[in-house]
Every structure is written in structure tokens, then in C-alpha cells.
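Work through the exercises below with the model in view. Try each task before reading its solution.

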Amino acid sequence: MDSLDIFEVLVRENTSMLTTFIRAAVSQEVAVDDIWQETMLTAWRRWEDYDRSRPFGAWLRGIASKNILAWRRRLAKDHVWCDDATLEYFSEAFERIQKLSGDTFEEKLEALRSCIQSLPIEYHTAISLRYEKELMPAAMAEQLSMKPETVKKQLQRAKAMLFACITRKIGLAS
């Protein structure tokens with residue numbers, strides 16, 4: 001297998017994860033596509049610099065982070081969706097996800113989807129309102145006629161249930 005083949009395989013294995021990482025930091029779909037393409041071009045140009053003893057996904061996220069920051073600087077007058085600390089948090093979270101067993105990111109997402117579907121209705125609703133509808137806990141509380149503290153507790157419990165479910169489904173890497 002030559003260098004181009006290896007690069008293509010690694011890109012295919014990490015495309016979903018990289019797209020999700022970029023989308024977590026950038027809300028504009030056109031910008032997500034542009035940043036993804038720029039990341040791939042940079043990765044290809046710097047392919048010889050890649051340390052093959054390190055995870056390829058982390059290397060791509062590092063390149064993508066720099067491209068996200070460059071995009072933010074160009075659009076400094078617009079609302080900033082995340083700062084350097086948030087990007088670092090996303091990168092660490094994705095690193096933990098990659099260490100979970102399961103062959104692909106898609107399998108891990110499917111486990112998450114399955115676990116969300118299995119939540120009791122009140123917890124499923126809380127997760128849906130917070131992460132699909134992107135409502136903040138105060139707005140959720142208003143919509144659900146609950147106290148904000150109650151909503152926050154529901155979210156905390158739902159996340160704990162999801163963690164336990166995903167751990168059962170795909171386990172943690174050793």
C-alpha cells in the first residue's frame with residue numbers, strides 16, 4: 001500500500017469524527033465544508049510531517065483547530081461560537097470518544113442514538129430539547145413548566161444514564 005492509499009484510508013476512517021468536531025465549533029454549514037476541505041489540503045501537503053506513531057484523528061483535529069481559529073479571525077466581527085479553551089475541550093472529548101471500543105465513529109454514534117432512544121421519556125425529552133433544539137436550561141424549564149434546577153438535574157441524570165448505557169454497549173478501551 002503506497003502513501004496515497006494509506007492517507008485515503010485514514011481520511012475515510014476519520015471523516016465523520018472530523019466533520020462532527022468542526023460542526024461542534026462552527027454553525028455555518030458552508031464554513032464547516034470550507035474548513036474540512038482546508039484541513040484535508042493541509043493534511044495532504046504536510047503528510048510527510050505526520051508522526052505515524054500518533055493517532056491520525058488527533059493530528060487532523062489539530063489542523064482543523066488552527067483552521068477554525070483562522071476562520072474566526074477572518075469573521076471577528078461576527079459572534080464567536082467558541083474560544084481556544086472550548087476547542088481544546090472538544091479535542092479532548094473527541095480523543096476520549098476515539099479511545100472507546102467499536103470499529104468506527106459511526107458505530108459509536110449508533111450506540112449513542114440507541115441509548116438516547118432507550119431513555120425514560122422525561123430524560124429523552126431533556127436531551128432532545130437541550131441538544132437537538134439547542135435550548136438552554138432556562139428556556140427548557142419554561143417550556144416544561146419546571147424549575148431550572150430541576151431541568152439541570154434531569155440533564156445530569158440523563159447524561160449519567162447515557163454514559164452507563166454506552167459503556168455497556170461498546171465498553172471503554174483499555
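A salt bridge is a side-chain nitrogen of Lys or Arg within 4 Å of a carboxyl oxygen of Asp or Glu. This is a predicted model: local features need pLDDT of at least 70, side-chain atom pairs count only at pLDDT 80 or more, and totals for chains, interfaces and linings use all residues. Residues are numbered from 1 along each chain as its sequence is written, and side-chain values use heavy atoms, without hydrogens and water.

**Exercise 1.** Find the salt-bridge partner of Arg113 and place the pair.

*Solution.* Step one: Arg113 pairs with Glu110, with the closest N and O atoms 3.8 Å apart. Step two: the two are about one helical turn apart, because three residues separate them in helix α5. Helices are DSSP runs (H or I, at least four residues), numbered from the N terminus. Step three: Arg113 has a relative accessible area of 43%, so Arg113 is partly exposed (buried is under 20%, exposed over 50%, partly exposed in between; 1.4 Å probe, protein chains only). Glu110, at 44%, is partly exposed.

**Exercise 2.** Find the salt bridges of Glu29 and Asp49.

*Solution.* Glu29 pairs with Arg23, with the closest N and O atoms 2.6 Å apart. Asp49 pairs with Arg46, at 3.5 Å. Asp49 is exposed, at 52%, while Arg46 is partly exposed, at 34%. The count comes to three salt bridges.

**Exercise 3.** Is Gln154 buried or exposed?

*Solution.* Locate Gln154 in helix α8 (residues 148-170). Its relative accessibility is 11%, so Gln154 is buried. Beyond neighbours within four places in sequence, Gln154 contacts (heavy atoms within 4.5 Å) Glu122, Tyr123, Ala126 and Met146.
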